[in-house]
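Thanks for coming, everyone. Let me put the structure up, and then we'll walk through it together.

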Amino acid sequence: MALSRPRTWALTIVVALTATIALAQQKPFEPQVGQAGKDVVWVPSPEETVKKMMEMGEITPQDFVVDLGSGDGRNVIAAAKRGAQALGVEYNPDMVELSKRRAKEAGVTEKAQFVQGDMYQAEFSKATVLALFLLPSNLLQLRDKFANLRPGTRIVSNTFSIQDWTPEKTETIDDCSSWCTVMLYIVPAKVDGTWKLPQGELALKQTYQTFTGTFTTAGKSTAVTNGKVRGTQISWSADGQEYAGVLKGNQIEGTTRTGSASTNWTATKQ
């Protein structure tokens, strides 16, 4: 039985619409700059900034690099291309799948891994490097976790700084249109407290990688100046002498320098 013309048109429209929907469903996800996310909108780091982050983080095949809020995976893929194992934590599942596709295209799927998850709940204590592009509010919420990472862990941040924590190095890229500044942080060992030395007692008050305090010897207290912790390395000045050492658990093994003479010492946490 022949169909009437209106019914034929209706059937044609339905078939065409179904085909259009199927085609749209098959089209790979493409992110849009500024699209909303759980905690931030998505804005990609320029490739030259990603390159600078890898350089400042001194990423090598011995590293485990983590990107929190990894977006389309470019930081993770760049680290993997340098031979590092790398992990991206991203809340948007479409971005996770996109990152996996891009890693496959780059030939680094064995080194670049991506998981869907909340960056605030993520486990990243084994990271040796964090490569981040997060807002100051995000960084502030994560700051305590950063400070509790293994001493010497490097954090490279695109554009935004960690509140109250002075970066070890800041570089701005020439001939860069936007998001052109990279900061390097190095997680310091915890030296806050009282230490016993053969020469006397050292009382320190630490603020991230810097510290102040007093050095007491023979009943005389002297202000500690130029106190600095870089990973497990510690240095300070007191009463005209330069002190430098390496933190090993609850001890610091170091030397005191006065002019050209040096003396070895060990400090123990009280």
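Let's start with one ring. Phe133 is buried, because its relative accessible area is 17% and the cut-off for buried is under 20%. Keep in mind that this is a predicted model.

What does Phe133 pair with? Its partner is Phe160, and the two rings are stacked. Their centres are 6.4 Å apart, with 15° between the planes. Look at where the two sit. Phe133 is in the loop between strand E4 (129–132) and helix H5 (136–147). Phe160 is in the loop between strand E5 (154–158) and strand E6 (169–172). So this pair links distant parts of the chain, 27 residues apart. Phe160 counts as buried too, because its relative accessibility is 19%.

Now a second pair, Trp236 and Tyr243. Stacked again: the ring centres lie 4.8 Å apart and the planes are at 0°. Is Trp236 buried or exposed? Buried, with a relative accessible area of 1%. Tyr243 is buried as well, at 3%.

How many aromatic pairs does the structure hold? The count is 11. Some of them join up. Ring pairs link Phe211, Phe215, Trp236, Tyr243 and Trp265 into a cluster. So the Trp236 and Tyr243 stack has both its residues in that cluster.

On to the nonpolar cores. In general, nonpolar side chains in soluble globular proteins tend to be buried together. Here, the largest nonpolar core has 26 residues. Which residues have the most contacts inside it? They are Leu68, Phe124, Leu130, Leu132, Phe146, Ile155 and Trp165. Several elements feed this core. Strand E1 (64–68), strand E2 (85–90), E4, H5 and strand E7 (181–186) each supply at least two residues. The largest share comes from H5, with four residues.

Take Leu130 as a close-up. Set aside its neighbours within four places in sequence. Leu130 is then in contact with Val66, Phe124, Phe146, Leu149, Arg154, Ile155 and Val156.

There is also a second, separate core. That one has 24 residues, including Ala78, Val108, Val129 and Ile186.

Next, the disulfide. The structure holds one. Which cysteines does it join? Cys176 and Cys180, with 2.2 Å from S to S. The link between Cys176 and Cys180 is left-handed, at -90° about the S-S bond. Both Cys176 and Cys180 are buried.

Last topic: backbone angles. Most residues other than glycine have a negative phi. Two residues here go the other way. Thr159 is not a glycine, yet it has a positive phi of about 75°. Where is Thr159? In the loop between E5 and E6. That is also the loop that holds Phe160. Thr159 counts as partly exposed, because its relative accessibility is 26%.

The other is Asn226. Its phi is positive too, about 55°, and it is not a glycine either. Asn226 is placed in strand E11 (residues 220–230). Is Asn226 buried or exposed? Exposed, at 60% relative accessibility.

To recap. Phe133 and Phe160 stack across distant parts of the chain. H5 gives the largest share of the largest nonpolar core. One disulfide joins Cys176 to Cys180. Thr159 has a positive phi, and so has Asn226. That's my tour. Over to you.

Notes. Residues numbered from 1 in each chain as written. Predicted model: local features only at pLDDT ≥ 70, side-chain atom pairs only at ≥ 80, totals over all residues. Heavy atoms only, no water. Disulfide = S-S within 2.5 Å. Buried < 20%, exposed > 50% of the residue type's maximum accessible area, 1.4 Å probe, protein only. Phe/Tyr/Trp six-rings, centres within 6.5 Å; stacked < 30°, edge-to-face > 60°. Core = buried A, V, L, I, M, F, W, Y, C linked by side-chain atoms within 4.5 Å. Contact = heavy atoms within 4.5 Å.
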